[in-house]
Amino acid sequence: MAASPAILSRRAAGSSCCRLWCGVTRPLVHIRSSRATEPGARKRDEEHLWEAASDAAGYLPFSRARVGSFFQGQPVLKNPFLEDALLRGYLKRHLPQEAVWSDLNAFGERVAKEIDIWGRECELNPPRLVHFDPWGQRVDHIVTSAAWKRLKDLSAQEGLVAIGYDKSFGEWSRVYQMSKLYIFSPSSGLYTCPLAMTDGAAKVIQSTGVSPPVEEAYGRLTSRQPERFWTSGQWMTERQGGSDVGTGTETVAVPQTDGSYKLHGFKWFTSATDADMTLTLARVQDRSGSTTPGSRGLSLFYAEVSRGEDGRLRGIEVQRLKDKLGTRQMPTAELLLDGLPAYRLSEEGRGVASIANMLTITRIHNSVSAAAAMRRVVQLARDYATRRTAFGKLLKDHPLHMQTLARMEVETRAAFLLVMDVCRLLGREETGLASQLDVHLLRLLTPVVKLYTGKQAVAVVSEGLESFGGQGYIEDTGLPGILRDAQVLSIWEGTTNVLSLDVLRCVARSSGMVLHAYFTHIKALLAGALGVSSLAPAVKAVGDALSELEQFVQIAASRSPSYLELAARDLAYSLARIYAGALLIDHACWKDASSHDKHAALRWCEQELCLVASKQKRGCYDSSTASLDAALVFDQLIQD
């Protein structure tokens, strides 16, 4: 029973209510039985009297449908482009074209008012697998929500892949594309994942040569027309392993008389399984049925996902959809390939080398999503701090709460600048403007930025959820999904340890030239800030950390490979922190930088920047460490 307007008015006038009860003995509250009144039964007279007294007095706000007058205001998602001062500042400095700003502003409005709702719909209506039709025929239909399909059309219309290939803004086209994806990602319902693989597939086709039979596919992958646009899958992982494709790939490719192949194998983890095509690795069988083991036996193949006249998938059976911690919006499946028609894209045995470009693209997309998740949770937490009152004042007026959000902001700014610098380098390479230093930096920083931002995202988003108190743990707020989805960012396209070892391989294969490029570029960035006295503490901190890193590299060069392997993770973290510090300082030095840009640089450089040097001094990578670590981990087993 709803309260009358008169009663609501009396409740609002708190002082009047107090005067009403002053000196008056309150009647005993009658606690009624929880047993429901039987249908058609008349209320007892005393119940009528009790309700009348309660209504007249107005002192029982919690009765029946009355749940009290206070409801906490929820955080509001506003235009993410207008809400991001660092993004706008970065683009003002590097890409101030009106067309870019106008497009990103309009897109930001769509994200806040329309697209975010679609993304939420994908979360609430995850894909499902229908194995059979009503008459028992195998169909393997992956049913996705209407919002998922709208997001595909939107991706084409907004050029979320095409921008990177039409090169309308030259070397800055990738920065433009990734800025748009950065705005889109947290509201995309994970559609950024198929877009990452689509972008990667287009890059591979472009690098291997756009010719039949993939010419049509390339045009579709980079199209702005929804009816023509295709997405691509990336079917690499098999039962034996993910990153170790060299030993883990069992799929075989059987040559056909027309020059095509048929693939037979089991793909354990195929993201965006509803894609229109895919790239995958397999081993070519010779006439005797033999294959070449290891990475040397792997070739890269292109296959379209299609159905025959009987409605069944050609050469594919969908075994099941994966039940994942997060990214539930997107279908991920186990597939049996049983004669899937395919074409070889790479030279035979050059499959792993051919996917290098694809890994660069997908790792950058992963980094963009990580920075975007951090930015989104900071934006929401900032808005909530202006709405939530605790202990007599708004959260924004609690210094400790603001300190926590400021630390999250600094981490987010560092991640953003790391990501955008890799995008800048990619754009220079793709337009033929990259120097040798740029090429080396891109090769080194791609795995460094991916691994570091992936870990940052989980930590910052987790902290962000805490800033909402208990509501951050409630599923229907949509907040926990941000954390669940962030967890994949440190796993997909190489875990932290796998990418740390990739950094070592990068250093070794370049004979140390990637590190030379790294040191040279950071010193140049710091030199540009020497005349800015307010940044002197940050410049000194980064300079000292860089010197410590150089000393570590000199010492490690004379040690065994196992020494470097133990140091690999801390080395990668040190590379990321020092480089981020240099970028924050550089951004704080440009003519239109704000005082907040300078403060962010100073705050970042208060932390330990060169972890690997300090741990080296403590003997963390000595020869005895590995055996001690193993003994510690398996201590209970040894005791038993």
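Ala-576 touches Leu-418, Val-448 and Tyr-452 once residues up to four places away in sequence are set aside. The model in which these contacts occur is a predicted one. Ala-576 belongs to helix 20. Its relative accessible area is 1%, so Ala-576 is buried. Another residue set beside Ala-576 is Cys-610: the two are 34 residues apart in sequence, and their C-alpha atoms are 9.4 Å apart in space.

**Overall make-up**

The protein has 640 residues, and buried residues make up 50% of them. Its secondary structure comprises 24 helices and 11 strands. Among contacts with a separation of 6 or more, 74% are between residues 24 or more positions apart.

**Nonpolar cores**

In soluble globular proteins, nonpolar side chains tend to be buried together. Here the largest nonpolar core holds 157 residues. Within this core, the residues with the most contacts are Phe-184, Leu-279, Tyr-518, Ile-578 and Ile-585. Helix 20, which spans residues 561–589, gives the most to the core, with 16 residues.

Tyr-518 can be followed further. Neighbours within four places in sequence left aside, Tyr-518 is in contact with Leu-441, Leu-444, Leu-546, Leu-549, Ser-574, Leu-575, Ile-578 and Tyr-579. A second core, separate from the largest, has 17 residues, including Trp-235, Ala-282, Leu-335 and Leu-340.

**Strand pairing**

Strand 3 covers residues 232–237, and five of its six residues are buried. Strand 3 runs parallel to strand 6 (residues 277–284) and antiparallel to strand 5 (residues 261–271). On the strand 6 side, Ser-232 stands opposite Met-277. On the strand 5 side, Gln-234 has Ser-271 as its bridge partner, and Thr-237 has Phe-269.

Strand 5 also pairs with strand 4 and strand 9, antiparallel in both cases. Strand 4 and strand 5 form a hairpin with five residues between them. In the turn of this hairpin, Gly-259 has a positive phi of about 95 degrees. Val-252 in strand 4 is bridged to His-264 in strand 5. Ser-271, the partner of Gln-234, also stands opposite Thr-332 in strand 9. The pairings are listed below.

| Strand pair | Sense | Bridges |
|---|---|---|
| Strand 3 and strand 6 (residues 277–284) | parallel | four bridges |
| Strand 3 and strand 5 (residues 261–271) | antiparallel | two bridges |
| Strand 4 (residues 252–255) and strand 5 | antiparallel | four bridges |
| Strand 5 and strand 9 (residues 332–344) | antiparallel | nine bridges |

In a regular strand the side chains alternate between the two faces of the sheet.

**The second largest pocket**

Rolling a probe the size of a water molecule over the atoms shows where empty space is left. The second largest pocket contains about 580 Å³ of space. It is lined by 31 residues, of which Ala-85, Arg-382, Glu-409, Arg-413 and His-596 are the closest to its centre. Four elements give two or more residues to the lining: helix 4 (85–94), helix 13 (356–385), helix 14 (399–430) and helix 21 (595–604). Helix 14 gives the most, with six residues. Sorted by class, the lining has 13 nonpolar, 12 charged and six polar residues.

**Gly-164**

Gly-164 is located in helix 7, a helix of residues 163–166. Gly-164 counts as buried because its relative accessibility is 0%, and the cut-off for buried is under 20%. With neighbours within four places in sequence left aside, Gly-164 is in contact with Arg-174, Gln-177 and Glu-430. One of these contacts, Glu-430, falls at the end of the residue range of helix 14 (399–430). Tyr-176 is 12 residues from Gly-164 along the chain, and the C-alpha atoms of the two are separated by 8.1 Å.

Notes:
Residues numbered from 1 in each chain as written. Predicted model: local features only at pLDDT ≥ 70, side-chain atom pairs only at ≥ 80, totals over all residues. Heavy atoms only, no water. 1 Å grid on protein atoms, 1.4 Å probe; cavity = no way out; pocket = protein on both sides within 12 Å on 5 of 7 lines; lining within 4 Å. Points joined across faces, edges and corners; volume = space filled by probe spheres on them. Nonpolar A, V, L, I, M, F, W, Y, C, P; charged D, E, K, R; others polar. Buried < 20%, exposed > 50% of the residue type's maximum accessible area, 1.4 Å probe, protein only. Pairing = 2+ DSSP bridges. Core = buried A, V, L, I, M, F, W, Y, C linked by side-chain atoms within 4.5 Å. Contact = heavy atoms within 4.5 Å.
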